[in-house]
Amino acid sequence: MSPKKIILRFDANVSDKPIIYRLVKDYDLVINILKANVNPSKEGTMVLEISGEKYNEGLEYLKKQGVRAQPLAEEVFRNENKCTVCGACTDICPSGALYLERPSMEVKFDSDNCIVCQACVKVCPVRAMEVRF
Amino acid sequence: MSIERTYAEINKKIQNGKAVVLTAEEVISLVREKGIAEAARQVDVVTTGTFAPMCSSGVFLNFGHSKPKIKMQRVWLNGVPAYTGIAAVDAYLGATEVPEDDPCNSNYPGEFRYGGGHVIHDLLAGKKIKLEATSYGTDCYPRRELETYITLGDINEATLFNPRNAYQNYNCAVNLGNRTIYTYMGVLKPDLGNAHYCSAGQLSPLLNDPYFLTIGMGTRIFLGGGTGYVAWHGTQHFPGIQKDNQGNNYGPAGGTLAVIGDLKQMKPEWLVGTSYLGYGATLTVGIGIPIPILNEEVMRCVSVSDRDLYAPIVDYSEAYGQRIPGNLGYVSYAELKSGKITVNGKEVPTAPLSSYPKARQIAGILKEWIQKGEFLLTEPVKLLPSYKDGIAASTLEIKGI
């Protein structure tokens with residue numbers, strides 16, 4: 001099974017539960033945490049890349065714990081016609097999806113590493129980074 | 001005997017298809033291999049390029065006369081105001097102008113999605129632009145208002161005139177403060193979270209002619225994808241040499257150019273409307289300047305590499321805005337391009353605002369034009385002030401009235 005990207009949203013009462021541990025231990029899932037954030041009111045967001053045979057059972061477990069899981073439906077992409085290859089996004093991107101190739105100094109976008117935080121969408125001086133639903 | 005060439009001799013070779021042209025990037029390895037004297041013998045022209053936001057840009061427009069005529073007192077193009085304090089249907093649209101209803105930074109950080117630079121880009125893309133004008137009405141210009149659509153092809157003139165472009169060198173911007181700041185140097189993260197620079201370095205036009213030996217008034221250039229000319233030195237033209245407190249030399253500082261050209265023959269990919277989050281709208285301008293290798297001294301100047309060129313590191317959280325002199329040291333463009341520099345003992349990731357690949361492309365296009373004999377060099381009518389002129393920046397003091 002190819003890895004699937006999902007976004008998890010959970011409330012304060014879930015924040016202290018070891019849900020990722022259970023997904024690995026009980027459901028034998030291979031998990032790559034692309035992004036994790038718990039805000040001051042202890043509500044959390046997590047972007048995961050998951051693969052494993054018990055994927056559906058794992059999702060069922062999350063649901064029972066009160067975790068809202070949904071596939072990553074939004075995708076950030078680069079409009080190549082607009083991009084001026086300046087590089088201003090490359091130190092703003094937190095996951096290294098946007099980076100400079102050296103020594104050519106070409107700006108590269110590796111969408112596999114994109115966590116859809118959309119920081120680049122606002123920062124891009126020529127609005128070349130776009131969100132697709 | 002050392003080589004000497006005239007503009008006329010170089011142009012003759014260009015017309016005969018025999019001129020040897022290299023980009024400012026290509027010439028570096030040639031000089032390393034053969035030395036300055038031999039490289040000067042071999043090469044006739046070196047091309048440079050830069051593609052970066054340049055705020056002091058804009059276009060003079062003449063719309064032609066409506067029936068009945070109007071003496072335009074206020075003008076808007078797609079909602080962006082243009083300056084009309086000139087003749088009846090002339091206006092100057094500045095790159096950083098934004099619509100009167102733009103929330104600007106009242107919704108901090110403002111997005112500045114559309115401004116004068118974007119209108120220029122849309123004109124070049126052949127789009128229809130909404131033109132609105134109002135006036136007080138005169139006996140000879142009775143109309144008081146109009147609303148219509150124009151395209152670049154419809155109007156009489158569109159003359160790009162940029163009072164300050166092609167900065168010779170620029171600051172490397174950092175943030176020593178404890179909150180994210182939004183500047184014309186991009187988003188700067190707190191506590192030295194990142195460093196932004198904005199120069200094509202070894203490809204940059206004025207870093208390849210640091211003493212203004214060849215670039216002057218009337219120099220024909222690549223401007224916005226078409227041809228243009230150097231009109232004058234730019235505003236804030238301070239072509240000094242950077243020195244640290246110990247008197248060490250860090251190369252050229254802040255020369256600038258005023259450039260002019262017919263917008264109608266330029267291309268939208270080389271004049272791009274640009275927005276800086278929390279700062280404003282502007283225009284990204286593509287400029288390429290040919291440097292005639294008149295002698296060995298000119299060849300020595302164009303042979304500089306990123307390792308020889310330095311930017312001052314400046315704190316934009318306080319020092320810049322408060323006009324506090326000094327800087328946090330100098331850093332070479334080679335270090336800046338490596339992706340990290342060290343500031344105050346801390347490793348800081350870097351990112352450029354000036355597109356090096358596009359600068360390389362511009363230098364390549366200009367090289368091709370010259371090789372094909374389509375682009376001849378012009379001898380400046382007047383050279384521009386250099387470090388020898390000792391120009392110092394004036395400041396604006398707030399005086400009581």
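This is a walk through a predicted model of two chains, A and B. In this predicted model local features need pLDDT of at least 70, side-chain atom pairs count only at pLDDT 80 or more, and totals for chains, interfaces and linings use all residues. Residues are numbered from 1 along each chain as its sequence is written, chains are lettered from A and ligands numbered from 1 in the order in which they are written, and side-chain values use heavy atoms, with hydrogens and water left out.

Let us start with chain A. Its C-alpha atoms fill a box of roughly 45 × 35 × 25 Å along the principal axes. Chain A has 4 helices and 8 strands; here helices (H or I, at least four residues) and strands (E, at least two) are DSSP runs, numbered from the N terminus. Along the sequence of chain A, the pattern reads β-α-α-β-β-α-β-β-β-β-α-β.

Some backbone details in chain A deserve a stop. In the loop between α2 (19-27) and β2 (30-38) of chain A you will find A:D28, a residue other than glycine whose phi is nonetheless positive, near 55°. Further along, the peptide bond from A:R102 to A:P103 is cis, with omega near 5°; A:P103 sits in the loop between β6 and β7 (106-109) of chain A. Chain B offers another such bond, from B:Y108 to B:P109, which is cis with omega near -10°. B:P109 belongs to the loop between β7 (90-94) and α4 of chain B. As background, most residues other than glycine have a negative phi, and most peptide bonds are trans.

Next come the charged pairs. Over all chains, the whole structure holds 17 salt bridges, a salt bridge being a side-chain nitrogen of Lys or Arg within 4 Å of a carboxyl oxygen of Asp or Glu. One of them joins A:K82 to A:E130, with the closest N and O atoms 3.5 Å apart. This pair links distant parts of the chain, 48 residues apart: A:K82 is in the loop between β5 (75-78) and β6 (98-101) of chain A, and A:E130 is in strand β8 (residues 129-132) of chain A.

Now turn to where the chains meet. Here 21 residues of chain A are in contact with 29 residues of chain B, contact meaning heavy atoms within 4.5 Å. About 1800 Å² is buried between chain A and chain B, and carbon and sulfur atoms give 58% of this; buried area is the accessible area (1.4 Å probe) that two parts lose on being put together, summed over both. On the side of chain A, the residues that lose the most area to chain B are A:D91, A:M105 and A:R127, together 31% of what that side buries. Between the two chains there are 0 salt bridges.

Chain B brings us to the sheets. Its strands β6-β5-β8-β9, in that order, form an open sheet of 4 strands with antiparallel pairing; two strands pair if DSSP finds at least two bridges between them. β6 (80-82) and β9 (145-150) of chain B each have a single partner strand and stand at the edges, so one side of each is left without a neighbour in the sheet. The twist averages 25° from one strand to the next, where axes are lines fitted to C-alpha atoms, for helices over the stretch in contact, and angles run from 0 to 180 degrees between N-to-C directions. Helix α4 (residues 116-124) of chain B packs on this sheet, touching β5 (74-77), β6, β8 and β9 of chain B, and its direction makes about 125° with that of β8(B). Strand β8 (residues 129-134) of chain B runs antiparallel to β9(B), and 6 bridges join the two. Among the partners, B:I129 is matched with B:I150 in β9(B).

Another open sheet of chain B has 3 strands in the order β1-β2-β23, with mixed pairing. At its edges stand β1 (21-23) and β23 (290-292) of chain B, each with a single partner strand, so one side of each has no neighbour in the sheet. Helix α7 (residues 356-371) of chain B packs on this sheet and touches β1, β2 and β23 of chain B, its direction making about 175° with that of β1(B). Between strand β2 (residues 45-47) of chain B and β23(B), which run antiparallel, there are 3 bridges, and B:V45 has B:P292 as its bridge partner in β23(B).

Our last stop is B:Y250, in strand β19 (residues 249-254) of chain B. Apart from its neighbours within four places in sequence, B:Y250 is in contact with B:Q242, B:D244, B:Y310 and B:Y330.
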